[in-house]
Amino acid sequence: MSSLNKVVKELVILSGKGGTGKTSITAALVHLASQSPTKSIFVDADVDAANLALVTSAEHLEQHDFISSKLAQIDPERCNLCNECYEVCRYDAIELPTEANPTYRVIDLLCDGCVSCVYSCPQSAIKMIDQQDGVWFFSSSPYGPLFHAELFPAAENSGKLVTLIRQRTKQFAENNGGHPLIIIDGPPGIGCPVIASSTGVDLALLVAEPGLSGSHDLRRVVQTLEHFQIPQVICINKANLYKKGVEEIKYFAEENNIQIIGELPFDTSIPKAMVQSKPVTVFSPNSPASNEIKKLWEKLQKILFD
Amino acid sequence: MKIAIASGKGGTGKTMVATSMAAALAPIHNIQMLDCDVEAPNAHLFLNPTINEIKPASINIPTIDYEQCILCGQCVDICEFNALALLGDKIEVFEQLCHGCGSCSIHCPVNAITETPRKIGELKFGTFNKNRPFLFGELTISEPMSTPIIRQLKSNMKDDVEVTILDSPPGASCSVVATLHDADYVILVTEPTPFGLHDLKQMIGVISETGSLAGVIINRDGIGDSAVEDFLSKNGYPILMKIPYQENIAEGLASGKLLIDIIPEFEDAFLNLYEMIKEQIHEEIYH
């Protein structure tokens, strides 16, 4: 199994800034992968705003609860109003008694799930309660199997949920064979869920949008990936909207020794494909964006497997 | 009064709305601006604040005094984040896993744990539009936790202002909650596409948890379909503003221009929006 494991490569799509086109490009890549010998399993690692299933006609085969965080709960019967819990909590998550509500209470939204209050309570009136933070799915699609998840609104532990679905994807790939590539649609930003999405991958494809914000956030994600020693390549999206920004990205890429392997124009076929819930390469196979993504896919295969 | 600008999906135009609203209000109203997207902060690129103070943002992590430590392992048991482990005759601290909750040091039976700040980012304070406070945070590269920085940033807010504008990070989880849990009003920015709608619904889930008032700005109007508008009218959320999809807006924003400088009519639109929000908050309080 270990030799098989080495054959399965992982590609993550990231951007730093949100809305640069990660999911639209990922959907097109998984479609192209399904048409080629490099079949893929794909993962939506943006569990806060999971959209990949929407454009890949995914049908749930399995649904699992994601139970991860814990929240404190105070038993008003046992509480003797000593105030210890309020003293130790660093998250302002303990609500003081009021006339209308004469007991101490935990504000769920602010509780971080540490157990400081539990240990501080002389009455043993505080318990930690397991929370369901979301659900995760194993789905089938015309383009291959998909692992994805929905973190509940305002829930925690997106990084752990990403790690979990990546592990399940790897297990599936190892046990079943036939899918030499795992494609991961990553979240925006550079923090916990981004690190969880990219740990140990073989390659990161950065979708860069020309402009001040795009360049600023690209720089931060590049530095993050460099820190974790993850190889990276860049694809510029919406290139024709701001020429000067394209030059800036090219200059930055050259300075940092990162290859630019694609340049997509802004193309209305991308939002139109999204509205039709299809990858752009299915909806409009010969649109300018689709043609560029096909070239991008050829280059990615070479980098990953040659 | 606190007005937060949020969206589930990234890149819908949060920063565009926040910066143009701030710039429209600043000459007349006593406002402050907070950029809470500490992973990818961009508001300063548009408002060009003068930064006059930089402070470290940090988490207090445990330091074990081995003279005192009796290796009882209570700190290891107490830590919910696996940041402490008993390895041989030593308690090992895994710094990046530590949330800084203080449980281990507060409850150490022999007081062998002290807390030392570990820098995870920076807080930057300055002014824009002459003297309006501008605060933003920056997560250090390779650090995972952004919420402590958001909390520390917010604890530095000025109280003596009329209105605070908070630019939220994308998503619908902990860092977003940290930004907007105490907001009086949340402006949700979305785009009229299936992705925009799906992520807007996530955000409405967050709003129902925090109990804030909310309204929606539709950006890139005309690019997709009417599903977002249908959803909003069915569920009783007001559409506050529509911003059309135009190439000159996309290009202007890319070059660092404010929306109100690209299309000056939006200056009045943001001033009117502010008055409307103020009225709605007032009504909510007195009715």
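A residue is called buried here if 20 or more other C-beta atoms lie within 10 Å of its own, and exposed if 12 or fewer do. Keep that cut-off in mind for the views below, which come from a predicted model.

**View 1. Chain A as a whole: 54% of its 306 residues are buried.**
Chain A is built from 11 helices and 11 strands. Its C-alpha atoms fill a box of roughly 70 × 45 × 40 Å along the principal axes. Take the contacts in chain A with a separation of 6 or more: 76% of them are between residues 24 or more positions apart.

**View 2. Chain B as a whole: 51% of its 287 residues are buried.**
In chain B the secondary structure comes to 11 helices and 11 strands. A box of roughly 70 × 45 × 40 Å, taken along the principal axes, holds the C-alpha atoms of chain B. Of the chain B contacts between residues at least 6 apart in sequence, 74% join residues at least 24 apart.

**View 3. Where chain A touches chain B.**
Here 51 residues of chain A meet 52 residues of chain B. On the chain A side, helices H4 (116-120), H5 (158-176), H6 (192-198), H7 and H9 (269-275) each put in at least two residues. Which helix gives the most to this side of chain A? That would be H7(A), with eight residues.

**View 4. Helix H7(A) beside helix H8(A).**
H7 covers residues 212-227 of chain A and H8 covers residues 243-255; their axes come within 10 Å and cross at roughly 15°. That angle makes H7(A) roughly parallel to H8(A). The crossing of the pair is right-handed. From H7(A), look for A:Gly214, A:Ser215, A:Leu218 and A:Arg219; they meet A:Gly245, A:Glu248, A:Ile249 and A:Phe252 of H8(A).

**View 5. Helix H11 of chain A, residues 288-305.**
This helix has 18 residues and reaches 26 Å from its first C-alpha to its last, close to the 26 Å expected at 1.5 Å a residue. Its buried residues are A:Ala289, A:Ser290, A:Glu292, A:Ile293, A:Leu296, A:Trp297 and A:Leu300. Why do the buried residues of H11(A) line one face of the helix? Seen down the axis of H11(A), they fall within an arc of 150°, so one face is what they line.

**View 6. Helix H2(A) crossing helix H11(A).**
H2 (residues 22-34) of chain A packs on H11(A) at an angle of about 65°, and the two axes are 10 Å apart. H2(A) makes a right-handed crossing as it passes H11(A). On the H2(A) side the contact uses A:Ile25, A:Ala28, A:Leu29 and A:Leu32, while H11(A) brings A:Ser290, A:Ile293, A:Lys294 and A:Trp297. Three of these names may ring a bell from the previous view: A:Ser290, A:Ile293 and A:Trp297 are buried in H11(A).

**View 7. A:Leu11 and the residues around it.**
A:Leu11 sits in strand E1 (residues 9-14) of chain A. Is A:Leu11 buried or exposed? It has 23 C-beta neighbours inside 10 Å, so A:Leu11 counts as buried. Leaving out residues up to four places away in sequence, A:Leu11 touches A:Leu181, A:Ile183, A:Ile184, A:Val201, A:Asp202, A:Leu203, A:Leu205, A:Leu300 and A:Leu304. One of those partners, A:Leu300, is also among the buried residues of H11(A). If you go looking for A:Val115, 104 residues along the chain from A:Leu11, the two C-alpha atoms are separated by 38 Å.

**View 8. Helix H11 of chain B, residues 265-286.**
At 1.5 Å a residue, the 22 residues of H11(B) should span 32 Å, and the end C-alpha atoms are indeed 32 Å apart. B:Phe266, B:Leu273, B:Tyr274 and B:Ile277 are the buried residues of this helix. Down the axis of H11(B), its buried residues fall within an arc of 105°, so they line one face. They pack against strand E1 (2-6), helix H1 (14-25), strand E9 (185-190), strand E11 (239-244) and helix H10 (259-262) of chain B. The face turned away from the buried side carries exposed residues: B:Glu265, B:Asp268, B:Glu275, B:Glu279, B:His282, B:Glu283 and B:Tyr286.

**View 9. B:Lys90, an exposed residue of chain B.**
B:Lys90 lies in strand E5 (residues 90-93) of chain B. With 12 other C-beta atoms within 10 Å, B:Lys90 counts as exposed. B:Gly73 is 17 residues from B:Lys90 along the chain, and their C-alpha atoms are separated by 9.9 Å.

Technical notes: Residues are numbered from 1 along each chain as its sequence is written. Chains are lettered from A and ligands numbered from 1 in the order in which they are written. This is a predicted model: local features need pLDDT of at least 70, side-chain atom pairs count only at pLDDT 80 or more; totals for chains, interfaces and linings use all residues. Helices (H or I, at least four residues) and strands (E, at least two) are DSSP runs, numbered from the N terminus. The expected span of a helix is 1.5 Å times one less than its number of residues. The arc is that of the directions from the helix axis to the C-beta atoms. Axes are lines fitted to C-alpha atoms, for helices over the stretch in contact, and angles run from 0 to 180 degrees between N-to-C directions. Angles under 35 degrees count as roughly parallel, over 145 as roughly antiparallel, 65 to 115 as roughly perpendicular and the rest as oblique. A crossing is left-handed if the near helix is turned anticlockwise from the far one by less than a right angle, and right-handed if clockwise. Two residues are in contact if their C-beta atoms, placed from the backbone, lie within 7 Å.
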